[in-house]
Amino acid sequence: MSATTDKYAFGMIGLGVMGRSLLLNMADHGFAVAGHDKDAAKVSSLNDEAGDRAAKGFGDVKEFIQSLTTPRAIMMLVPAGKIVDAVIEELTPLLEKGDILIDGGNSHFTDTNRRVEQLEAIGLHFFGMGVSGGEEGARRGPSMMPGGDKDAYNVMKPIFEAIAAKVDGAPCVTYIGPGASGHFVKMVHNGIEYGMMQLLAETYEVMKKGLKLDNDAMQKVFAQWNEGRLQSFLLDITKDIFAFKAPGTDHLLLDDIKDEARAKGTGKWTSQVAMDLQAPIPTIDSAVSMRDMSKYKALRVKAASLYAKEPISLDGSTDEIIADLEQAFYFTMIISYAQGMHLLSNASAEYKYDLHLGEIAKIWRGGCIIRSKFLNDIFKAYEKDAKLEHLLLDSNVQSLVEGALPGIRKLLSKTIVAGIATPAYTASLSYFDAFRSERMPSNLTQAQRDYFGAHTYELIGKEGTFHTQWTKAED
């Protein structure tokens, strides 16, 4: 695509922070781009920030469409749900067969499936693309997960590869697969993000209530960890948050923020789909549940007046417990990723996405919110064995997990006694212990199901299904 000053090679619908930042990123790489938003202030912001770059904002949608070279390439970056459908309804009469429409928001993958069929039927190319990295990522280099119409993606590939984050020279974008696979992978990315954020919140809780560390001490722990094997974007911003003072004060802004977490739904969607696909992801489930729990502030205050006692200090030296906590966080971080990759594996089989998990790990190493040093180990695991059934079956990951296991066992034995809530940590360890169990107690569950509902059971070493009359008839 060539850049001209009177025609633009790429258009963006939605000039919020993400849309505007992506456009400016493209303009920095030499692409002539245009944007449209109904909010005049956002149009002005783009035009002001564009300066001499080949980027222009339009308030009128028809002028915007007419400014684009054909076949047109347009991305929507608007809130998921009905707004996406409304934008499509407004745009389609103005487009021509062969034009490309991209949904770069966090749409639910089932909505994307529907839109693929809807737009293919009228001759438009359409694909969904997850974009991760927040404002800074969009401006300087995001991680992108496009899935759907491969021919359309190949047209867009030079632009996306140019603006993507780079790791070892490789762009953090790749074609994910057919249908809604791009949005599905982004949804699971967000689920892992939920898990990691909850684990960091629980780490904060352990250090604050269990070790009585002040904010400076906690900041030093997070900063030190971020220099080692735990290095990640989320840990990096956490150590920054523990150094940020409320404007005009000498205390942290963090201490002024309400303890009620909000969500946009992608974590919940991940848990819902995981249950549909029978892929256990209890670390992510716990993270979703704890955001919900946080919203019950009034109830928690009442319960605290009845039950709460100041958690007792953790038994042991601070240095020893911090060392255990480091191991515990590393262990649970691995488990959170492992659960997400297993869910992707199940989805690939169920929806015929033909996902390449190594390539997904590769593009998550830079630009996105869940980027971390450990993603290199995930990438290498799937590079070594593309058909790896579960990340925890990789020999290198096995050694990393076993090395960190003593720390989490020691830590949780103390936090439970102390009365410190660590649900994601606990769920991660229990997931691992169940995963490595050759024989689970599920035989009892089957017996109970057959007892009360005649649901039958299967026997060890004997083909077929069986039912037993568990209660003897009275004489």
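These legends go with close-up views of a predicted model.

**View 1. Helix α17 from end to end.**
Here we follow α17 along residues 395–418. With 24 residues at 1.5 Å each, the helix should span 34 Å, and its end C-alpha atoms sit 35 Å apart, so the two values agree. There's a bend along the way: about 35° at Ala404, with a proline, Pro406, following within four residues.

**View 2. The two ends of α17.**
At the N-terminal end, Asp394 acts as the cap. One of its side-chain oxygens lies 3.1 Å from the backbone nitrogen of Asn396. After the helix comes Gly419, and its phi is positive, near 80°.

**View 3. The buried residues of α17 and what covers them.**
Which residues of α17 are buried? Among them are Val397, Leu400, Val401, Ala404, Leu405, Ile408, Leu411, Leu412 and Thr415. Ala404, where the helix bends, is thus on the buried list too. An α-helix has 3.6 residues a turn, so residues three or four places apart point the same way. The cover over the buried residues of α17 includes α8 (181–210), α14 (318–351), α16 (375–384) and α18 (423–435).

**View 4. Ser336 in helix α14.**
Now to α14, where Ser336 has its place. Ser336 counts as buried because its relative accessibility is 0%, and the cut-off for buried is under 20%. Leaving out residues up to four places away in sequence, Ser336 touches Ile192, Gly195, Met196, Leu199, Thr283 and Ile284.

**View 5. Lys186, an annotated position in helix α8.**
An unreviewed UniProt entry puts the annotation "active site" on Lys186 and Glu193. Of these residues, Lys186 is included in the lining of the largest cavity. Lys186 lies in α8 and is buried, with a relative accessible area of 5%. What does the side chain of Lys186 make a polar contact with? The partner is the side chain of Asn106, at 2.9 Å. Asn106 also turns up among the residues that Lys186 touches, along with Gly130, Val131, Ser132 and Met145, if residues up to four places away in sequence aren't counted.

**View 6. Glu193, also annotated and also in α8.**
Glu193 carries the "active site" annotation from the unreviewed UniProt entry as well, and its place is in helix α8. Buried or exposed? Glu193 is buried, with a relative accessible area of 15%. Setting aside neighbours within four places in sequence, Glu193 is in contact with Leu234, Ile369 and Ile370.

Key. Residues are numbered from 1 along each chain as its sequence is written. This is a predicted model: local features need pLDDT of at least 70, side-chain atom pairs count only at pLDDT 80 or more; totals for chains, interfaces and linings use all residues. Side-chain values use heavy atoms; hydrogens and water are left out. The expected span of a helix is 1.5 Å times one less than its number of residues. The bend at a residue is the angle between axes fitted to the seven residues ending there and the seven starting there. Buried means under 20% relative accessible area, exposed over 50%, partly exposed in between (1.4 Å probe, protein chains only). Contact means heavy atoms within 4.5 Å. A polar contact is a pair of N or O atoms within 3.5 Å; within protein, one must be able to donate a hydrogen and the other to accept it, and residues adjacent in sequence count only if both atoms are side-chain atoms. UniProt positions are given in the numbering used here, feature names are shortened, and annotations may be inferred rather than shown by experiment. On a 1 Å grid over the protein atoms alone, a cavity is a set of points where a 1.4 Å probe fits but cannot get out, and a pocket is an open set with protein on both sides within 12 Å along at least five of seven lines; lining residues have an atom within 4 Å of a point.
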